Amino acid sequence: MNTLGRSPVGRRQREALVDTVRLRLAEAGAAPGTTEVAAALRAQGHPYGSTEVTELVRQLRSEMVGAGPLDTLLADPAVTDVLVNGPDEVWVDRGGGLERATGVRFEDQQAVRRLAQRLATAAGRRLDDARPWADARLPDGTRLHAVLPPVAVGCTHISLRVSRARPFTLPELVRAGSVPERGAALLRALVSSRLSYVVSGGTGTGKTTLLAALLGLVGPGERLVVVEDSAELRPDHPHVVRLEGRPANQEGAGLVELRELVRQALRMRPDRLVVGEVRGAEVVDFLAALNTGHEGGCGTVHANAAADVPARLEALASSAGLDRAALHSQLAAALDVVVHLARDGDGLRRVAEVRLLRRAADGLVDTEPAVRFTPDGGMRPGSGWDRLAAMCGRSGSRVLPAEQPR
């Protein structure tokens, strides 16, 4: 007689069932809901009755949903990133740089691996020895990246980028010290003047956070069409259309690239075209769109400095077969401004400078410093300040005079 309905499944049996069901759900691209888990169990051919299935579903759901020891960290509204390097090596970022998470640990390396696999399953991804890494978005918007051994040396590594239920507003970023007050007035003028811009910076500097705050400043009568590889932007705006790329399935079919989504977005009557992160060949279609009457377009791009943005875009465009001269010709007419973010020595993310793009004497595009923001909130003008103020003034926006260097 089967007694699973009266007593919990043993640990080894439960782990084996979890692995089997997880793989089946990942292959089907299904979320670990009660109906899906029950169907996967019955598909194994085990003679479980309805009572036994209900009990197994409860146990499996407890294994496959949630983040275990990390739940308390992910529930903290101040946390932006959670990183797991091993059973007793968990790191957290609360906006001031990485710090060791005290009192948070896993039972063993297998527990870390199981968590990574069930998070991947929740995102509809497969994570096992045949495919030892996963990059996905969890149902609550959290960005997951996980790598299994032996690709990850020693232990499974998990990286979680937390998505806020509500985006930061520009005033909140000012209060947090990420944007100086006078800088906020400049950014408002930049948006209302429909200048095309990119937010640049290194990993974890807050590019997506700032871009979402700026999109929240766009007039409610405008339609935003947002294209992302993994949907992270959640601007506080009444009219947002979101398109998300998709990786290929296990058979190599179903791939949806950002480049195609940018093309589709142009057919959706966008008032503002937004590319969450320009990271590949889609840069060609993005710049082409900005050159065909789509003012006010924006996105983010990885760059160590604002001055490096043209070279970064040139490298991305080369992957699409666009030569250097053609890229710079497009770039000169498409983008107006680079807003650069950086981290201070104490880990604080902040707007560091704003630069204008300009065509140099050799026909290539470089950047001209317009204003630099100091850690104490100061605002130092550059050679492009007057031109930036004039560009913002075309729509009637007035920017505060910059402080003269001492």
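Is Cys298 buried or exposed? Select Cys298 and check: with a relative accessible area of 1%, Cys298 is buried. Keep in mind as you click around that this is a predicted model.

**Cysteines**

Next, pick Cys155. Its relative accessibility is 4%, so Cys155 counts as buried too. If you're hunting for disulfides, you can stop: the count comes to zero.

**Helix α9**

Now highlight residues 258-266, which make up helix α9. Show side chains for Leu258, Leu261, Val262 and Ala265, the buried ones here. Turn the view so you look down the axis of α9: these buried residues fall within an arc of 105 degrees, so they line one face of the helix. What do they pack against? Add β8 (224-228), β9 (240-244), β10 (272-275) and α10 (282-290) to your selection, and you have the partners.

**Strands β8 and β9**

Stay with two of those partners. β8 and β9 run parallel and are joined by five bridges. Click Glu228 and you'll find Glu244 of β9 standing opposite. Then walk along β9 and watch the side chains alternate: Val241 and Leu243 point to one face and are buried, while Val240, Arg242 and Glu244 point to the other face and are not buried.

**Arg143**

Jump to strand β5, residues 143-147, and select Arg143. Buried or exposed? Arg143 comes in at 15% relative accessibility, under the 20% cut-off, so this arginine counts as buried. Leave aside the neighbours within four places in sequence and show what Arg143 contacts: among them are Asp135, Asp229 and Glu232, along with Arg161 and Arg279. Ala136, Ser159, Leu160 and Ser230 are also in contact with Arg143.

**Helix α13**

Move on to helix α13, residues 385-393, where Trp385, Leu388, Met391 and Cys392 are buried. They cover an arc of only 125 degrees around the axis, which puts them on the same side of α13. To see what covers them, bring up elements including α7 (181-192) and the strands β12 (337-343), β13 (349-359), β14 (365-373) and β15 (379-381).

**The nonpolar cores**

Last stop. Nonpolar side chains tend to be buried together in soluble globular proteins. Here the largest nonpolar core has 38 residues, and Leu186, Tyr197, Leu210, Val337 and Leu388 touch the most other members. You've already met Leu388, one of the buried residues in α13. Apart from that core lies another, of 32 residues, including Leu243, Leu258, Val301 and Ala303. Leu258 should look familiar from α9, and Leu243 from β9.

How values were computed
Residues numbered from 1 in each chain as written. Predicted model: local features only at pLDDT ≥ 70, side-chain atom pairs only at ≥ 80, totals over all residues. Heavy atoms only, no water. Buried < 20%, exposed > 50% of the residue type's maximum accessible area, 1.4 Å probe, protein only. Helix = DSSP H or I, 4+ residues; strand = E, 2+ residues; numbered from the N terminus. Arc of directions from axis to C-beta. Contact = heavy atoms within 4.5 Å. Pairing = 2+ DSSP bridges. Disulfide = S-S within 2.5 Å. Core = buried A, V, L, I, M, F, W, Y, C linked by side-chain atoms within 4.5 Å.
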